[in-house]
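Please look at the molecule shown below and keep it in view while reading. The paragraphs that follow move from ring pairs to strands, and then to the interior.

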Amino acid sequence: MKQYGIALALIASVVMSPLSWATEQAKQQLQDKMQQLESVQASFEQTVTGSSGEVLQSLTGELALQRPAMLRWRSNPPDDTLLIADGESVWYYNPFVEQVTVYAQSNAVENSPLLLLMEGSKERWQQFDVTYDSAEGAFEVVNENTGSELNLSFTGDKLTRIVLKQKQGDTTTIALTDVVMNESLPTDLFQFAIPEGVEVDDQR
């Protein structure tokens with residue numbers, strides 16, 4: 001709402017409920033934070049739990065994100081896999097089965113709320129309802145189209161925790177450590193070279 005000036009803000013405060021006004025404020029705060037986020041590098045610990053709280057998966061690894069929609073995600077052994085989103089395609093490589101599966105990124109982004117937020121278009125942001133928990137320092141983002149819920153926690157300006165709650169009940173929690181923000185990242189970090197002898201399953 002800031003860019004529309006004081007007059008529109010006063011009108012909005014009259015016609016909007018306190019809840020919707022708080023939602024608009026939270027959305028603007030999160031947009032501001034995401035606009036400042038050019039890149040992220042971090043180690044992660046990921047835990048997936050079911051609807052009853054049972055642990056379905058636990059793994060560690062390293063990730064790198066760069067605006068607008070590039071991602072590198074590598075999990076450590078024994079779950080050694082590599083996922084790269086290069087802006088046009090998503091490459092998912094499993095060295096154990098010697099196969100890489102390739103998807104069109106335009107389709108994959110629809111199921112990745114974090115990449116949607118980093119992309120930052122007005123059309124994308126219209127999909128989300130945002131609230132802010134000041135006690136937790138976390139933004140809650142609900143995708144109206146899918147019903148999924150994304151929680152983003154910050155320590156200062158650093159992104160330190162990501163929680164994705166799927167509509168069907170599974171929850172993925174990603175705790176970030178050794179976080180480095182807004183450093184220039186080499187382009188080859190987000191490029192996948194197909195190893196010799198690896199089968200390619202192209203789904204584009």
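Five aromatic pairs are found in this structure, which is a predicted model. In one of them, the ring centres of Phe44 and Trp73 lie 3.9 Å apart and the ring planes meet at 25°, so this pair counts as stacked, given that planes under 30 degrees apart are placed in that class. The two partners come from distant parts of the chain, since Phe44 belongs to strand E1 (residues 39-49) and Trp73 to strand E3 (residues 70-75), with their positions 29 residues apart in the numbering. Phe44 has a relative accessibility of 3% and therefore counts as buried, and Trp73, with a relative accessible area of 18%, is buried too, because the cut-off for that word is under 20%.

A second pair is formed by Tyr93 and Phe192, whose ring centres are 5.5 Å apart and whose planes stand at 55°, so the pair is described as tilted. Tyr93 sits in strand E5 (residues 89-94), whereas Phe192 is in the loop between strand E11 (171-181) and strand E12 (199-202), so the pair ties together parts of the chain that are 99 residues apart in sequence. Both Tyr93 and Phe192 are buried, and together with Trp91 they make up one aromatic cluster. An aromatic ring can also have a charged partner, as with Phe154, where Lys33 lies over the face of the ring at 4.9 Å from its centre.

The strands give the next part of the picture, and the protein has twelve of them, along with five helices. Strand E1, which holds Phe44, runs antiparallel to strand E2 (residues 55-66), and eleven bridges join the two. Across this pairing, Ser43 stands opposite Glu62 in E2. E1 and E2 form a hairpin with five residues between them, and in its turn Gly53 has a positive phi of about 95°. E2 also pairs with E3, again in the antiparallel sense, over six bridges, and here Ala64 has Arg72 in E3 as its bridge partner. The connection from E2 to E3 is likewise a hairpin, this time through three residues.

Which residues touch the most other members of the largest nonpolar core? In this core of 29 residues, they are Leu30, Val130, Leu152 and Leu176. Strand E11 supplies the largest share of the core, namely four residues. Another core, of eight residues, lies apart from it and includes Leu82, Ile84, Val100 and Val198.

Leu159, in strand E10 (residues 158-165), offers a chance to follow a single residue, and because its relative accessibility is 2%, it counts as buried. Leaving aside neighbours within four places in sequence, Leu159 is in contact with Leu152, Ser153, Phe154, Leu176, Val179 and Met181. Val179 is 20 residues away from Leu159 along the chain, yet their C-alpha atoms are separated by 7.6 Å. Phe154, one of these contacts, is the residue whose ring face lies under Lys33.

Finally, the protein can be considered as a whole. Of its 204 residues, 39% count as buried, while the accessible surface comes to about 11,500 Å², with 50% of that area belonging to carbon and sulfur atoms. Among contacts between residues at least 6 apart in sequence, 46% join residues at least 24 apart.

Notes. Residues are numbered from 1 along each chain as its sequence is written. This is a predicted model: local features need pLDDT of at least 70, side-chain atom pairs count only at pLDDT 80 or more; totals for chains, interfaces and linings use all residues. Side-chain values use heavy atoms; hydrogens and water are left out. Rings of Phe, Tyr and Trp (its six-membered ring) pair if their centres lie within 6.5 Å; planes under 30 degrees apart count as stacked, over 60 as edge-to-face and the rest as tilted. Buried means under 20% relative accessible area, exposed over 50%, partly exposed in between (1.4 Å probe, protein chains only). A charge sits over a ring if NZ of Lys or CZ of Arg is within 6 Å of the ring centre and within 35 degrees of the ring normal. Two strands pair if DSSP finds at least two bridges between them. A nonpolar core is a set of buried Ala, Val, Leu, Ile, Met, Phe, Trp, Tyr and Cys residues joined through side-chain atoms within 4.5 Å. Contact means heavy atoms within 4.5 Å. Accessible areas come from the Shrake-Rupley method with a 1.4 Å probe; for residues, only the protein chains shown count as cover.
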